[in-house]
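Biologist: I should like to learn how to read a structure of this kind, one feature at a time. Could we begin with empty space and then turn to strands, helices and cysteines?

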Amino acid sequence: MHRTTVTRWVRAVVGLLAARAPRLDRALKKIARKGGGIVLLDGTLIRTRRHTGTQNRKNYSGKHKCHGLLVIALTDDRGRLLWVSAARPGRTSEITACRHDLLTAKLRAAGLGAIADLGFVGLDDSDPDADPAVITGDRAAQNRPLTRGQQLSNKALPAVRAPVEHGFAHLKNWRVLGKIRTDPKWAPTLVRALLVLTNRELSR
């Protein structure tokens, strides 16, 4: 059997699995129906091979000092993956990726809030008097040090956010995500397919 035939079959199966991955609005509505009030938000970089040429420069992440693709994910309070975003170039900021997916608007539409780390400070730029859709810690400014309460809040948030790290760890257990060596355009379909398989494995 020729290699291209096997590759075509594999990609067809991966595409079918990816089609079963939940959409953002449906995943949020499902949590709301179950009585949930919050989700956990985070982003991760999936490494890719380094390719020469100007077209690949956008995949270089200055934060991680390597080439890769940025993926945003939501989990429930137990770390179960609910949704993963499209894989975007590594130089994309997490806030930009969330705004592209209209995350805060969809959280409010579902009546949910998200807990995130300091990398998402500024994502929720709504009316200060409104209930926040994204809850983060506080950053100290040069002329505005953190108060005692803010310091305690920043220390408490990592413990609350720990399950989302576990969710990413389960997803990255798949060896293929150690470093994607195929065309980066194939990555979004692959990540969504692995989300479906990860939840299937954990539900056994």
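Modeller: Let us begin with the largest pocket, which has a volume of about 650 Å³. Please keep in mind that this is a predicted model.

Biologist: How is such a space found, and which residues are closest to the centre of the largest pocket?

Modeller: The general idea is that rolling a probe the size of a water molecule over the atoms shows where empty space is left. In this structure, 22 residues line the largest pocket, and Lys 30, Arg 80, Leu 81, Leu 82 and Asn 199 are the closest to its centre.

Biologist: Which elements give two or more residues to that lining?

Modeller: They are helix H2 (24-33), strand S4 (81-84) and helix H6. H6 gives the most, with five residues. Sorted by class, the lining has ten nonpolar, three polar and nine charged residues.

Biologist: Strand S4 was named there. To which strand is S4 joined, and do the two run parallel or antiparallel?

Modeller: In general, the side chains of a regular strand alternate between the two faces of the sheet. Here, strand S3 (residues 66-75) is joined to S4 by three bridges, and the two strands run antiparallel. One pair to look for is Ala 73 with its bridge partner in S4, Val 84. Five residues lie between the strands of this hairpin, where Gly 79 takes a positive phi near 90°.

Biologist: May we return to helix H6? I should like to know whether Ala 193 is buried or exposed.

Modeller: Ala 193 belongs to H6, which covers residues 187-202. The test is a cut-off: a residue is buried under 20% relative accessible area. Ala 193 counts as buried because its relative accessibility is 3%.

Biologist: Which residues does Ala 193 touch, leaving aside those up to four places away in sequence?

Modeller: Ala 193 touches Val 14, Leu 17 and Ala 18. By contrast, Leu 102 lies 91 residues from Ala 193 along the chain, and their C-alpha atoms are separated by 22 Å.

Biologist: Finally, how many disulfides does the structure hold?

Modeller: The number is zero. A disulfide needs two cysteine sulfur atoms within 2.5 Å. For Cys 66, the nearest cysteine sulfur is that of Cys 98, 19 Å away, and Cys 66 is in no disulfide. Cys 98 is likewise in no disulfide.

Biologist: Are these two cysteines buried or exposed?

Modeller: Cys 66 is buried, since its relative accessible area is 14%. Cys 98, at 2% relative accessibility, also counts as buried.

Technical notes
Residues numbered from 1 in each chain as written. Predicted model: local features only at pLDDT ≥ 70, side-chain atom pairs only at ≥ 80, totals over all residues. Heavy atoms only, no water. Helix = DSSP H or I, 4+ residues; strand = E, 2+ residues; numbered from the N terminus. Buried < 20%, exposed > 50% of the residue type's maximum accessible area, 1.4 Å probe, protein only. Contact = heavy atoms within 4.5 Å. 1 Å grid on protein atoms, 1.4 Å probe; cavity = no way out; pocket = protein on both sides within 12 Å on 5 of 7 lines; lining within 4 Å. Points joined across faces, edges and corners; volume = space filled by probe spheres on them. Nonpolar A, V, L, I, M, F, W, Y, C, P; charged D, E, K, R; others polar. Pairing = 2+ DSSP bridges.
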